[in-house]
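Open your viewer, load the model and keep the selection box handy. We will start with the whole chain and then walk from residue to residue.

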Amino acid sequence: MDIILDTHLKNLEHYLVSLLSKNMEEGNQIAIWRKPKSSFIQILIDKSGITKRVSPQLEDLPAGFIVHPFEDQLDQKAYFLEADSYFKIDISIPFEEQSGALEEVGFSSPIPDLKRKIRKIITAIGAQNEVFQETSKDDFMDLVEKGIRSIEDGKLHKIVPARIKKIKLNPEFDLIKSFNLLVRSYPNAFVNFFHIPEVGTWIGASPEILIQTQGDEFYTMSLAGTQKAHGENPLKSAAWTQKEIEEQALVSRYIVDCFKKIRLREYDEHGPKTVLAGNLLHLRSDFKVNMKSTNFPQLGSVMLQLLHPTSAVCGMPRHKALEFLHKNEPFNRSFYAGFIGPVNVEEETSIYVNLRTARLVQGNAILYAGAGVTEDSIPENEWEETEMKCDIIAKHLN
């Protein structure tokens, strides 16, 4: 049975390598993802050769995949891959049984040659004039200390400083193998890869949905607090500090305040509860709204504008937190802590915060991670939290 399963996975891997190599060589934009708790890998290809920028009015967009940078306001347009081709693969059944529904790749080259071609394109793409300076431990802890002082002075309630970790990719780095490892390792995450020529190539496994609309239902979540999962049943053995509980409550209160701003009173809130994301635990609350009964069909776009960037990746109050980050964070976050996801695909929009992510550039993986800082924070602990978050992706980049 294991031999048969290995054969199916190998055939799937070969197909994805061929597909990716072909489309990257042709200059196409491509997004591949697996939604949380799903058995489907979804693939979307934009063959236009045009890098599209759009305002994120989700209800007006065609089927596609959106990629928005961290920038604090939505007046910076998002990148958008339009679905010239879209299909999905059910990884729970043999790959060979689905071939009729898949896009032809027409490659006869040996798989190792195609993998080398993918590596070459990734190594050469974009960012030729960018310098990615790894954040030292001392510099990050100084930044955390600065954040704590601002909180103690009453300027902020919370701040989320981030850092960069740079790792050299193996000369034999296998992108599809890494993607498949993330799929298998993190069943509760939005595992994703996207490639926009001359813009960037990113891979990640985000635990946090920003907004989701399906039919008449709107959904969002507040996710904060981080600790390592331990033992056979980590969900039951988790113990949260007052600092972590308050950090998560701040995010939940911000969502409720957004509902109040638009005079939305009919919503369901459940939580907080402990959830597992890879080898980390978080606290999460869920919020749902019936857009039909509230007569609010544009709720997805409205809440996207109100929520981004969330206090979980920025801080509170948002305006002052952004001022602090712009002044003190010594790098451009680019797409880290922005948002990504499929729009109007199979009558559903699922937008995720771009966390647990890596940019693949110049033969390196640029990893990004942040930590929620409150007045009770200990700088050494915040550094360790970012190390754990970086490792979620780093250990799967072979």
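What follows is a tour in stops, each with something to select and something to look for.

**Before you start**

This is a predicted model: local features need pLDDT of at least 70, side-chain atom pairs count only at pLDDT 80 or more, and totals for chains, interfaces and linings use all residues. Residues are numbered from 1 along each chain as its sequence is written, and side-chain values use heavy atoms, with hydrogens and water left out.

**Stop 1: the whole chain**

Select everything and show it as a cartoon. You should find nine helices and 19 strands; helices (H or I, at least four residues) and strands (E, at least two) are DSSP runs, numbered from the N terminus. The radius of gyration is 21 Å, close to the 21 Å that the globule rule gives for 398 residues, so the chain is as compact as a globular protein of that length. That radius is taken over C-alpha atoms, and the rule is 2.2 Å times the number of residues to the power 0.38. Along the principal axes, the C-alpha atoms fill a box of roughly 65 × 50 × 45 Å.

Now colour by accessibility. Of the 398 residues, 57% are buried, where buried means under 20% relative accessible area, exposed over 50%, and partly exposed in between (1.4 Å probe, protein chains only). The accessible surface comes to about 17500 Å², and 48% of it belongs to carbon and sulfur atoms; the areas come from the Shrake-Rupley method with a 1.4 Å probe, and for residues only the protein chains shown count as cover. Taking contact to mean heavy atoms within 4.5 Å, 73% of the contacts between residues at least 6 apart in sequence join residues at least 24 apart.

**Stop 2: Arg333**

Select Arg333, in the loop between α8 (318-328) and β16 (339-343). Is this arginine buried or exposed? At 3% relative accessibility, Arg333 counts as buried. Its side chain reaches two backbone oxygens, that of Val160 at 2.8 Å and that of Val313 at 2.8 Å. Both are polar contacts, meaning a pair of N or O atoms within 3.5 Å; within protein, one must be able to donate a hydrogen and the other to accept it, and residues adjacent in sequence count only if both atoms are side-chain atoms. Leaving aside neighbours within four places in sequence, the residues in contact with Arg333 include Phe70, Trp202, Leu325 and Tyr368.

While you are in this loop between α8 and β16, add Ala337. Its phi is near 70 degrees, a positive value in a residue other than glycine, and Ala337 is buried at 1% relative accessibility.

**Stop 3: Glu347**

Move on to the loop between β16 and β17 (348-353), where Glu347 is found. Here phi is near 60 degrees, again positive in a residue other than glycine. Glu347 counts as exposed, at 74% relative accessibility.

**Stop 4: two cis prolines**

Which peptide bond leading into Pro309 should you inspect? Pick the one from His308, which is cis with omega near -10 degrees. Pro309 sits in the loop between α7 (299-307) and β15 (315-316). Next, go to Pro317, in the loop between β15 and α8. The bond from Met316 to Pro317 is cis too, with omega near -10 degrees.

**Stop 5: Asn28**

Jump to the loop between α1 (2-25) and β1 (29-34) to find Asn28. Asn28 is buried, with a relative accessible area of 5%. Show its side chain: one polar contact of 2.8 Å joins it to the side chain of Asn23, and another of 3.2 Å goes to the side chain of Glu26. Beyond four places in sequence, Asn28 is also in contact with residues including Ile45, Asp46, His195 and Pro197.

**Stop 6: Lys389**

Finish in helix α9 (residues 379-394) with Lys389. This lysine is buried, with a relative accessible area of 10%. What does a polar atom of its side chain lie 2.9 Å from? The partner is the backbone oxygen of Gly370. Not counting residues up to four places away in sequence, Lys389 touches Thr226, Leu280, Arg356, Ala369, Gly370 and Ala371.
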